[in-house]
Amino acid sequence: MRLLRLIFFLPAMLLTLAASNPVLVPDVSQRKIDIIYSFTGAELLLFGAILYPGGRVPSEKADIVVVLRGPTQPILVREKQKLGGLIWVNAESARFMSPPGYYAIASSRPLDQLVDERTAAIYELGVKNLQLSPASGEQPDVQRRFESGLIDLFKRSRLYAEAPGMIEITNGVLYRARISIPARVPVGAYVAETFLVKDGKVLAVASRDVQINKSGFERFVAESALRHPFFYGLVAVGLSLLLGWGAAVLFRRIG
Amino acid sequence: MDIYLPIANMSVNALVLILLGGGVGILSGMFGVGGGFLTTPLLILYGIPPTIAAASATTQVTGASVSGVLAHWQKDGVDFRMGALLVLGGLFGSVAGAGVFSVLEKAGQMDTIIAILYVVLLTGIGGLMARDAWAAISAKRAGMKMAARKRRHHPLVATLPMRWRFYASGIYISPLAPAALGFIVGMLTVLLGVGGGFILVPAMIYILGMATRVVVGTSLFQILFVTAITTLVHALTTHAVDIVLAGLLLIGSVIGAQFGARLAAKLPPDWLRLGLSILILSLAIWLVLGLGWQPRELYSVHPL
C-alpha cells in the first residue's frame, strides 16, 4: 500500500518540481505520545508551510487536508435484532479486516469542494472512504448497513472524527490543524498525513510517524498482564486480600 | 480526578469508582453478598468493556469479602467445614463455567444468556425472600408470635446418601448437597462475574436449612476463595483483570464492608432480608426492561 502510494506520487512530485507547483513542508507537534496514569486524551498539532514558487502567494490558493490514522485491527461487528418481538439479541455479524482503530481528518474547506469522489476514494479521504476490507461475503446492502453501524459507533466514541474547514491557513502559507485524541485510543504506530490539494488534484503528500504508547506504570501493568498472567493474577488476589485485611485491622483498632 | 486504566485502555474518574466500591461494600457487609451483581452492571453502564468489568469486579469481591469474613469470624459466624465443601464444589464449577463462557462468547450470545439467567435467578430468590420476610414482619406487627418456622432442609437434600454433622450450622446432611450448591455458584461466578452470595445466602437458608447466624459468614467464606480462583482464571485466559480498576473499587469497598457489617449487627434481621429482596427484585425488573427496550447501541465491536 505504502509502495503503491509512492509509485503513485512520484510523478506528481516530479511534476511539482518541474511545473513550479507549491511544495509542502509539514510537521507534527509530537512524534511520541506517552500514555501515563493521568492520560485523558491528547491534542496533536499538525502544522507546516506551503512554499509557493517565487515566494509569492497566488490568488488561487491551495488547500490542505490532514489525516491522522491509527493501527488497523480486524474486528467483528455484531448487530442486535428484536427476537420474536420480545427481546433484543445479537443476530447477524460481519467481519472487517482492516478498519483503523483511529481516524481523524481535517481540511481547510469541506472535502467535497476540494476533490471529487474518485480522488477521495483513492486517498481514503473521509470516513466513508475508508477501506474496511469486509470479509464475510455479505450482500452489498447488508455490508453497507454494518459499515455505517461501525462508523457511527466509532464516530460517537470519537475514534473517528471529521473536521471539514477546521484548518486555518495563515497568509495562505502557514497552516495548522489541531486533532484531538480521546483517552480510549488504541496504542501503536500512527501516521499523520498531509495532503496539498489544488484544483481537485492532490499535488503533494507527506507523512510523519507518531507513536502512541503506554509508558511507566501503565506500560508495566499492561505488559505484566500479558507476559506473566499467573503472577499478575496472584498480585491482584494478593492486593485484594491485603486491602481487605488491612481495613478489617484498621477498623478493629478504631473500634 | 481522572485516572487511566491500563487494561481497559480508558480514562475514568477515580472518585466515582471509589464511591461505587464503597456503596457496594456497605451492601456486601450488610447482606453477606459479594456485590458483584451490582458492580458488574454498574461498571458496564459507566462504559467499561463487559469482560473487563466482570473480571475486575471479581477481584474487588475478594477484597470486600475478606473483611466480611474476618468480621463474621470474630463473632463465630463461619462454618468452616461447610465452607470448605462449598469451595471445593466452586472450584469445579468455575472450571466448568469457563468452558461454557467460551462457547457462549463465540456464539455472541453471552450478554443475552447472562441477562436471562440473572432475571430467572433474581426473580425466584427475591420473591421467595420478600414473601418470607414480609410474613415475619407483619406477624410481629400484629403482636402475634411468629409461629417459629421449623428450620429444616429441603426434602431433596434428605435423599442424598452419607450424612455429616455440621455443628456450627446445626444440621445433619449429606456433604454432597453443599458441594453441588458450591458447583452451581462457582459456575455463575465465572459466567456472571458475581460472587454468588445473593444465591448462596437464600439457598443456605431455604435448601440446606442452616442456622441464620452462620449463613452470611459462611457464604462470604466461599465467595472469598471462589472469586480468588476466578481472578486467576481470568488473568490466565481473558487477560481482562485491570488491577488499577480493581484497586480503586477495593479502596471503597473494603471500608464500606466494615460499615456494612456494623450496620447489619444493629438492624433487625427481618427488615434486612426484606431490604435485600427489594434490591434483588428491582435489579431483576431493570434487567427485564433492558432486554425488551431497544438498546442504546445496536452494533458492538469485538476484536478478532
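In which sense, parallel or antiparallel, do β5(A) and strand β5 (residues 299-303) of chain B pair, and over how many bridges? The pairing is antiparallel, and 5 bridges join β5(A) to β5(B). This report describes a predicted model, beginning with the sheet to which these two strands belong.

**A sheet shared by two chains**

The strands β6(A), β5(A) and β5(B) form, in that order, an open sheet of 3 strands with antiparallel pairing. At its edges stand β6 of chain A and β5 of chain B, each of which pairs on one side only. On average, neighbouring strands of this sheet are turned by 30° against each other, direction ignored. Individual positions can be named within the pairing between the chains. V77(A) stands opposite V301(B), a residue of β5(B), while I75(A) has P303(B) of β5(B) as its bridge partner.

**The contact between chains A and B**

Contact between the chains involves 48 residues of chain A and 48 residues of chain B. On the side of chain A that touches chain B, at least two residues come from each of β5 (75-83), β6 (87-96), α4 (140-156), α5 (216-227) and α6 (229-254). The element that gives the most to this side is α6(A), with 16 residues. By class, the side of chain A that touches chain B is divided as follows.

| Class of residue | Number on the side of chain A that touches chain B |
|---|---|
| nonpolar | 32 residues |
| polar | 9 residues |
| charged | 7 residues |

**A sheet within chain A**

Chain A also holds an open sheet of 6 strands, ordered β2-β12-β11-β4-β7-β8, in which the pairing is mixed. Because β2 (32-35) and β8 (160-163) of chain A are at the edges and have a single partner strand each, one side of each is left without a neighbour in the sheet. Neighbouring strands here are turned against each other by 15° on average, direction ignored.

At one of these edges, β2(A) pairs with strand β12 (residues 201-214) of chain A in the parallel sense, over 4 bridges. Within that strand, β12(A), K214(A) is the bridge partner of I35(A).

**Summary**

In this predicted model, β5(A) takes part in the open sheet with β6(A) and β5(B), and β5 of chain A also supplies at least two residues of the side that touches chain B. The sheet of 6 strands, by contrast, is listed with strands of chain A.

Notes: Residues are numbered from 1 along each chain as its sequence is written. Chains are lettered from A and ligands numbered from 1 in the order in which they are written. This is a predicted model: local features need pLDDT of at least 70, side-chain atom pairs count only at pLDDT 80 or more; totals for chains, interfaces and linings use all residues. Two strands pair if DSSP finds at least two bridges between them. Axes are lines fitted to C-alpha atoms, for helices over the stretch in contact, and angles run from 0 to 180 degrees between N-to-C directions. Two residues are in contact if their C-beta atoms, placed from the backbone, lie within 7 Å. Ala, Val, Leu, Ile, Met, Phe, Trp, Tyr, Cys and Pro count as nonpolar, Asp, Glu, Lys and Arg as charged, and the others, Gly among them, as polar.
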